[in-house]
Every structure is written in structure tokens, then in C-alpha cells.
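Me: Hi! I have a structure open and would like to go through it with you. Can we start with the overall layout and then look at single residues?

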Amino acid sequence: MPRIEILCVGNELLMGSTLNTNANWLSQEIYRLGCVVNRHTVVGDDVENIANAVKEALKRGTDLLI
């Protein structure tokens, strides 16, 4: 089974002013297709943090990063 991760970006997610409904919906749809999401990651609106999150996912051997 593929290792799938969802990376969400936005300061509003970290501050709690916006619920992360996109990750919730994506996880449900991926499960409906017969796969499982292994990890959700949320980072703020900082290019360096986004790049680091992508690099870390690749180091873990993620097959699909959304």
C-alpha cells in the first residue's frame, strides 16, 4: 500500500482560526479509494518551513505527498 501524506500550509491553520477541513475531506476520499493517509503535517506560510516539510516527507519514503 502506498505511503501517503498530506501537507497543509497556512498560518490560519496553526493559529486555529480555520479548521483543516481539506485534510479531513482528502483523507476520507483516499480511504474510500482503498488507501490510508499515514500523516498530516501543517506548516505556516514560510517557504523554508514548507521546503523542510517536503524534504522530511521524502526522507521518510513517502510515495505520494499532497
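Me: What does the secondary structure of the chain come to?
Reply: The protein chain has three helices and three strands. Keep in mind that this is a predicted model.

Me: And what pattern does the chain follow along the sequence?
Reply: Reading along the sequence, you get β-α-α-β-α-β.

Me: Nice. In what order do the strands sit in the sheet?
Reply: The order is 2-1-3, in an open sheet with parallel pairing. Strand 2 and strand 3 (64-65) are the edge strands, and each of them pairs on one side only.

Me: How many bridges are there between strand 1 and strand 2?
Reply: Six bridges, and the two strands pair in the parallel sense. To find one of these pairings, look at Leu 7, whose bridge partner in strand 2 is Thr 41.

Me: And how many bridges does strand 1 make with strand 3?
Reply: Strand 1, which covers residues 4-9, pairs with strand 3 over two bridges, in the parallel sense. Ile 4 stands opposite Leu 64, and Glu 5 stands opposite Leu 65.

Me: Is strand 1 mostly covered or mostly open?
Reply: Mostly covered: five of its six residues are buried. For the whole protein chain, 26% of the 66 residues count as buried.

Me: Can we switch to cysteines? How many disulfides does the structure hold?
Reply: Zero. Cys 8 is in no disulfide, and the nearest cysteine sulfur, that of Cys 35, is 18 Å away. Cys 35 is in no disulfide either, with the sulfur of Cys 8 as its nearest at 18 Å.

Me: Why does 18 Å rule it out for Cys 8?
Reply: A disulfide here needs two cysteine sulfur atoms within 2.5 Å, so a nearest sulfur at 18 Å leaves Cys 8 without one.

Me: Is Cys 8 buried or exposed?
Reply: Cys 8 counts as buried, because its relative accessibility is 9% and the cut-off for buried is under 20%.

Me: Okay, new topic: Arg 39. Where does it lie?
Reply: Arg 39 is in strand 2, which runs over residues 37-43.

Me: What does Arg 39 touch?
Reply: Leaving out residues up to four places away in sequence, Arg 39 touches Ile 4, Glu 5, Ile 6 and Arg 60. Arg 39 and Arg 3 are 36 residues apart in sequence, with their C-alpha atoms 8.8 Å apart in space.

Me: And why is Arg 39 called partly exposed?
Reply: Its relative accessible area is 39%, and partly exposed is the range between the 20% and 50% cut-offs, so Arg 39 belongs there.

Me: Let's try a helix. Where is Ser 27, and is it buried or exposed?
Reply: Ser 27 is in helix 2, residues 21-32. Ser 27 counts as buried, at 18% relative accessibility.

Me: Which residues does Ser 27 touch?
Reply: Ile 6, Val 37 and His 40, again not counting residues up to four places away in sequence.

Me: What about Asn 22, buried or exposed?
Reply: Asn 22 lies in helix 2 as well. Asn 22 is exposed, because its relative accessible area is 57% and the exposed class starts over 50%. If you want a distance to look at, the C-alpha atoms of Asn 22 and Val 37 are separated by 13 Å, with their positions 15 residues apart along the chain.

Me: Back to the whole chain. What does the C-alpha trace span?
Reply: About 30 × 25 × 10 Å along its principal axes. The accessible surface comes to about 4,600 Å², and 55% of it belongs to carbon and sulfur atoms.

Me: How much of the contacts comes from residues 24 or more positions apart?
Reply: They account for 74% of the contacts with a separation of 6 or more.

Me: Last one: how far apart are the mean positions of the positive and negative charges?
Reply: They are 9 Å apart, for 6 positive and 8 negative charges in the protein chain.

Methods: Residues are numbered from 1 along each chain as its sequence is written. This is a predicted model: local features need pLDDT of at least 70, side-chain atom pairs count only at pLDDT 80 or more; totals for chains, interfaces and linings use all residues. Side-chain values use heavy atoms; hydrogens and water are left out. Helices (H or I, at least four residues) and strands (E, at least two) are DSSP runs, numbered from the N terminus. Buried means under 20% relative accessible area, exposed over 50%, partly exposed in between (1.4 Å probe, protein chains only). Contact means heavy atoms within 4.5 Å. Accessible areas come from the Shrake-Rupley method with a 1.4 Å probe; for residues, only the protein chains shown count as cover. Lys and Arg count as positive and Asp and Glu as negative; His and the chain ends are not counted. The place of a charge is taken as NZ of Lys, CZ of Arg, CG of Asp or CD of Glu. Two strands pair if DSSP finds at least two bridges between them.
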